[in-house]
Amino acid sequence: MANHGLVCITRAGNDAQKFIYESDTLWQHKNNIHLVEEWITNDISSTKIRRALRRGQSIRYLVPDAVRGYIEKHNLYSSESEDRNAGVILAPLQKYARGCKQEQTL
């Protein structure tokens, strides 16, 4: 990271300076991290996008048109897809989930 930089745009409810301070790696490269303070509050999150879609609400203007088109084409985040995938653990999380189950049985 010594030859590269990182630009971070702050988000309401998060303290970017605190994240940097609490991480040894980020602290080591703090001079290469450039924070852009959010001046128009944007509290749009993936959780809110998924909730709106489950409720049949529009996400127009919340995500790029190409993203909205992909979600619609593949019927992502609808009530039906949420029900169909209930209890499914994504592949990257399966190892973690197995470890938690083993700990619970001990």
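Select Asp 65, Arg 68 and Glu 72: salt bridges link these residues in a network. The model is predicted, and the tour starts with this network.

**Stop 1: the network in H4**

Show helix H4, residues 65-73. Put Arg 68 in the centre of the view. One partner is Asp 65, with the closest N and O atoms 3.2 Å apart. Asp 65 and Arg 68 are three residues apart in H4, about one turn of the helix. Now turn to the other partner, Glu 72. The side chains of Arg 68 and Glu 72 meet in a salt bridge at 3.7 Å, N to O. Arg 68 and Glu 72 are four residues apart in H4, again about one turn.

Is Asp 65 buried or exposed? Asp 65 is exposed, with a relative accessible area of 54%. Glu 72 is exposed too, at 52%. The cut-off for exposed is over 50%, so both acidic partners of Arg 68 qualify.

**Stop 2: the loop before H4**

Keep Arg 68 on screen and add Val 63. Val 63 sits in the loop between helix H3 (46-54) and H4. Which residues does Val 63 contact, leaving aside its neighbours within four places in sequence? They are Ile 49 and Arg 68. Colour Val 63 as buried, because its relative accessibility is 16% and the limit for buried is under 20%.

Add Ser 46 and draw a C-alpha to C-alpha distance to Val 63. The distance is 9.8 Å in space, across 17 residues in sequence.

**Stop 3: the buried side of H3**

Select Ile 49, Ala 52 and Leu 53, the buried residues of H3. They cover an arc of only 100° around the axis, so they fall on the same side of H3. What covers them? H4 is included in the cover. Ile 49 is also the residue of H3 that appears among the contacts of Val 63.

Step past the end of H3 to Gly 56. The phi of Gly 56 is positive, near 75°.

**Stop 4: the salt bridge in H1**

Move to helix H1 (16-22). How many salt bridges does the structure hold? There are three. Two were at Arg 68; here, select Glu 22 and Lys 18. Their salt bridge has its closest N and O atoms 3.9 Å apart. The two residues are four apart in H1, which means a separation of about one helical turn. Glu 22 counts as exposed, at 54% relative accessibility. Lys 18 is partly exposed, with a value of 45%.

**Stop 5: rings and a lysine**

Select Tyr 21 and Trp 27. The structure holds one aromatic pair. Its ring centres, those of Tyr 21 and Trp 27, are 5.6 Å apart, and the planes stand at 85°, so the pair is edge-to-face. Tyr 21 is exposed, with a relative accessible area of 59%. Trp 27 is partly exposed, at 40%.

Now add Lys 30. Lys 30 lies over the face of Trp 27, at 4.3 Å from the ring centre.

**Last stop: Thr 10**

Where is Thr 10? Thr 10 lies in the loop between strand S1 (6-9) and H1. Thr 10 is buried, with a relative accessible area of 13%. Display its contacts beyond the neighbours within four places in sequence: Ala 16, Val 36, Glu 37 and Glu 38.

Terms used. Residues are numbered from 1 along each chain as its sequence is written. This is a predicted model: local features need pLDDT of at least 70, side-chain atom pairs count only at pLDDT 80 or more; totals for chains, interfaces and linings use all residues. Side-chain values use heavy atoms; hydrogens and water are left out. Buried means under 20% relative accessible area, exposed over 50%, partly exposed in between (1.4 Å probe, protein chains only). Contact means heavy atoms within 4.5 Å. A salt bridge is a side-chain nitrogen of Lys or Arg within 4 Å of a carboxyl oxygen of Asp or Glu. The arc is that of the directions from the helix axis to the C-beta atoms. Rings of Phe, Tyr and Trp (its six-membered ring) pair if their centres lie within 6.5 Å; planes under 30 degrees apart count as stacked, over 60 as edge-to-face and the rest as tilted. A charge sits over a ring if NZ of Lys or CZ of Arg is within 6 Å of the ring centre and within 35 degrees of the ring normal.
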